[in-house]
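Please open the model in your viewer and keep the sequence panel beside it. The tour below moves from stop to stop, saying what to select and what is to be found there.

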There are 2 protein chains.
Amino acid sequence: MSNAYNRPDQLSPELRRRVLETARKLGYPGPDPVARSLRTRKAGAVGLLLTEALSYAFRDPAALGVLEGLALACEDAGVGVQLVPAGPGKENLDAVHRAGVDGFVVYSVPDDDPHLQAVLQRPVPTVIIDQPVVPDVDRVGPDDKAAMTSLAEHLIELGHRDIGVLCMRLTRERRNGFVPRERQENANYHVQRARLAALAEAFEAVGVDWSTVPVVERFEHTIDDGASAAAQLLDAHPHVTALVCTSDILALGALKEASRRRLQVPADLTITGFDGVPEGERADLTTVRQPVREKGRCAGKLLLDPGRRVGRAAVDPEVITLDTELRIGRTSAPPRTAEQRWFGP
Amino acid sequence: MSNAYNRPDQLSPELRRRVLETARKLGYPGPDPVARSLRTRKAGAVGLLLTEALSYAFRDPAALGVLEGLALACEDAGVGVQLVPAGPGKENLDAVHRAGVDGFVVYSVPDDDPHLQAVLQRPVPTVIIDQPVVPDVDRVGPDDKAAMTSLAEHLIELGHRDIGVLCMRLTRERRNGFVPRERQENANYHVQRARLAALAEAFEAVGVDWSTVPVVERFEHTIDDGASAAAQLLDAHPHVTALVCTSDILALGALKEASRRRLQVPADLTITGFDGVPEGERADLTTVRQPVREKGRCAGKLLLDPGRRVGRAAVDPEVITLDTELRIGRTSAPPRTAEQRWFGP
DNA sequence: CCTGGCTACTGAACCGTTAACGTTCGGTGC
DNA sequence: GCACCGAACGTTAACGGTTCAGTAGCCAGG
């Protein structure tokens, strides 16, 4: 029976024909994929764990790029991609336990995410994209520290010393507003932590007291939240000459707010992003471009590469660091001097 | 054992604790999802079949909307969404056969798609979005004919009689260029067929000879292909006063081409789309808005509603028609009169 | 004629879980 | 003190396919 479908060479064409015909007559719909999976120990799909509501992934262009890259890699290998629902707040660990997949790709979850724990307990290979860093687990991501450092140096070279920062959520609990230094350093999102730390280090190196630099956090990652964060920051610190945003989305929001306030970018205010999403490109944003699609592709390949694994564990846990590129657009320029501020350029 | 995990109420807390502890000591990773699926006959996931390469779905905002809606519905029900790779060209029916899912959502495939056949042979419920229409299978979609008729009437009212049409692929085989009427009527994509037919009917009703109306087809569905289609059409028929596009993406391409030619829209040329995607909204495109997200949501709900099914078949196969809305933007206006063309408005 | 080897096919064990069923036992009502 | 009942727990048979050992049948060589 099984042979008739899967090994035409093992039996005579005549018998195969007879078997298949009888099967058809009996209304047999072909081998059951689940039973097959049980026996062969291959589900033919990889799971994608996102910390966000599923629908969010389709809003954020960076997440979309990752998804696209992963889908591409999986398509090549002929396996499906299963979106595992794991919204924040409502912990649904069962979704992780119940997913019939051969491996997981975990995208950008906080250090202490319980879903991640659940994934790691499953006896299947796992690749983490971006964050967090877990010992003995493959990871794909850019060198956030180095990338942010190069961006910071660009701003420093331009002459900015009086900056403000807009960042994404730092913990799983909803919180918005100014972030004291301690919270920055204890953030559960490794990527945000690294970017903030890189900024702090670079600016302290040129004599800026980081504790005076305003950092505003937003839990939701949307253009509107970026705008409101920019507003909050500019209201309290109208003197800043540059807004450094830890994502392009936030930067686009900042641009929106700047335009609402009739601030010239970059003449009155420099704004920078991070990611290099198409929308940012269109706005000619100064940002760090990272190969989002490549991240997904790379993660998929790593997960599916049969040579790399014996049993459940990676042969040799790898951390793949992807190249980033500083992209200088039209949203960054030297700050106005005091005179320029009063008399115009 | 099973009870310890799934029915805490069936045994004493003491025993449960002991069982769980021993399990942990033995390194038992929890019930195997595949074996569970085999036994319970529930995979905890629904498959999404797209006729396009998986990565394409992440490019087309309309497809993305559908995906988002479906993900939303599935998230509510706690089931995953599995993207089934079924790129065009390379037929990979096995991907359909091997997918361990409780049902399929099929999005916009041609009438004669072999993957669709494979899906229908599987003993699981299926919902088709948009196309094709298959007897006894649930379908969710707008009334394309009525929607396109209302758009046509808008153009007719404005005074357009000399139009050109840009449409998406009409068959599975790659083909680009002008489309003779016969090919329009034999298109394997039901939606395109319906939209073209509605246009033809409406314009013939006001005396336009449809066989003189140029229709240009593009296999790929991108802004650039829309632009090249517009170029091809305008080169051959510079006199048209309106370009009707069967999708917003194509219309955005047409806008791009118009701007390249320094044609004023809508003064020199009216351009209309179909779908109502955010990008079109931003361009203030005249279009037909259809609730793409709702399509996905609706399909998911239909598929997962336990009351609607006995065994594999739908109790009462349903065709859900979603409302559309004519959205008049700033890309449509009355055509210039002959004098205006020579002397300006 | 017997044996050895080859091919074509058959049967049974196994994958890990769940759900149904059977057993035991302590408690309650008469 | 006996009969009955329900809760708690142990046992077992599928679920449907794959795989592998084993058998039957055949032909060739000794």
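Select Glu257(B) and Arg260(B), whose side chains form a salt bridge in this predicted model, with the closest N and O atoms 3.0 Å apart. Both residues belong to helix 12 of chain B, where they are 3 residues apart, about one turn of the helix. The two partners differ in their surroundings, because Glu257(B), at 5% relative accessibility, counts as buried, whereas Arg260(B), at 59%, counts as exposed.

While still on salt bridges, select Glu281(A), Asp284(A), Arg289(A), Glu325(A), Arg327(A) and Arg330(A), which are joined into one network by salt bridges that share partners. Keep Asp284(A) highlighted, since this residue, although not a glycine, has a positive phi, near 55°. Asp284(A) sits in the loop that runs between helix 13 (278-282) and strand 11 (287-289) of chain A.

Now go to helix 12 (residues 248-260) of chain A and select Arg260(A) and Glu257(A), which lie there 3 residues apart, about one turn of the helix. Their side chains meet in a salt bridge at 3.0 Å, N to O. Arg260(A) is exposed, with a relative accessible area of 59%, while Glu257(A) is buried at 5% relative accessibility.

With both chains displayed, how is chain B laid on chain A? A turn of 180° and a shift of 0.0 Å along the axis bring chain B onto chain A with an RMSD of 0.1 Å. The two copies are thus related as by a two-fold rotation axis. To find this axis from the side of chain B, select Gln82(B), whose C-alpha is the nearest to the axis in that chain, at 2.1 Å. The same surface serves both copies, in that 100% of the contact residues of chain B recur in chain A.

A link between the chains is the next selection: pick Asp32(A) and Arg41(B), whose side chains meet in a salt bridge of 3.5 Å, N to O. Asp32(A) lies in the loop between helix 2 (13-25) and helix 3 (33-40) of chain A, and Arg41(B) in the loop between helix 3 (33-40) and strand 1 (45-50) of chain B, so the pair joins two chains. Asp32(A) is partly exposed, at 30% relative accessibility, and Arg41(B) is exposed, at 57%. Over all chains, the salt bridges come to 48.

Return to chain B and select Glu220(B), found in the loop between strand 8 (215-217) and helix 11 (223-236). Which residues is Glu220(B) in contact with, leaving aside its neighbours within four places in sequence? They are Arg169(B), Arg174(B) and Asp225(B). With Arg174(B) there is a polar contact from side chain to side chain, at 2.5 Å. If Met168(B) is added to the selection, its C-alpha is seen to lie 7.4 Å from that of Glu220(B), although the two residues are 52 apart in sequence. Glu220(B) itself counts as partly exposed, at 29% relative accessibility.

Some backbone features of chain B make up the following stop. Select Ser108(B), in the loop between strand 3 (104-107) and helix 7 (114-121) of chain B; Ser108(B) has a positive phi of about 50° although it is not a glycine. Is Ser108(B) buried or exposed? Its relative accessibility is 17%, so Ser108(B) counts as buried, the limit being under 20%. Next select Gln131(B) and Pro132(B), between which the peptide bond is cis, with omega near -5°; Pro132(B) is in the loop between strand 4 (126-129) and strand 5 of chain B. A cis peptide bond also joins Val265(B) and Pro266(B), with omega about 10°, and Pro266(B) has its place in the loop between helix 12 (248-260) and strand 10 (270-272) of chain B.

For the final stop, display strand 5 (residues 138-142) of chain B together with strand 14 of chain B, which pair in the parallel sense over 4 bridges. Within this pairing, Val140(B) stands opposite Ile320(B) of strand 14. Strand 14 (residues 319-322) has a covered face, made up of Ile320(B) and Leu322(B), and an uncovered face, made up of Val319(B) and Thr321(B).

Key:
Residues are numbered from 1 along each chain as its sequence is written. Chains are lettered from A and ligands numbered from 1 in the order in which they are written. This is a predicted model: local features need pLDDT of at least 70, side-chain atom pairs count only at pLDDT 80 or more; totals for chains, interfaces and linings use all residues. Side-chain values use heavy atoms; hydrogens and water are left out. Buried means under 20% relative accessible area, exposed over 50%, partly exposed in between (1.4 Å probe, protein chains only). Two strands pair if DSSP finds at least two bridges between them. Contact means heavy atoms within 4.5 Å. A polar contact is a pair of N or O atoms within 3.5 Å; within protein, one must be able to donate a hydrogen and the other to accept it, and residues adjacent in sequence count only if both atoms are side-chain atoms. Copies are superposed by least squares on the C-alpha atoms of residues with pLDDT of at least 70 in both. A salt bridge is a side-chain nitrogen of Lys or Arg within 4 Å of a carboxyl oxygen of Asp or Glu.
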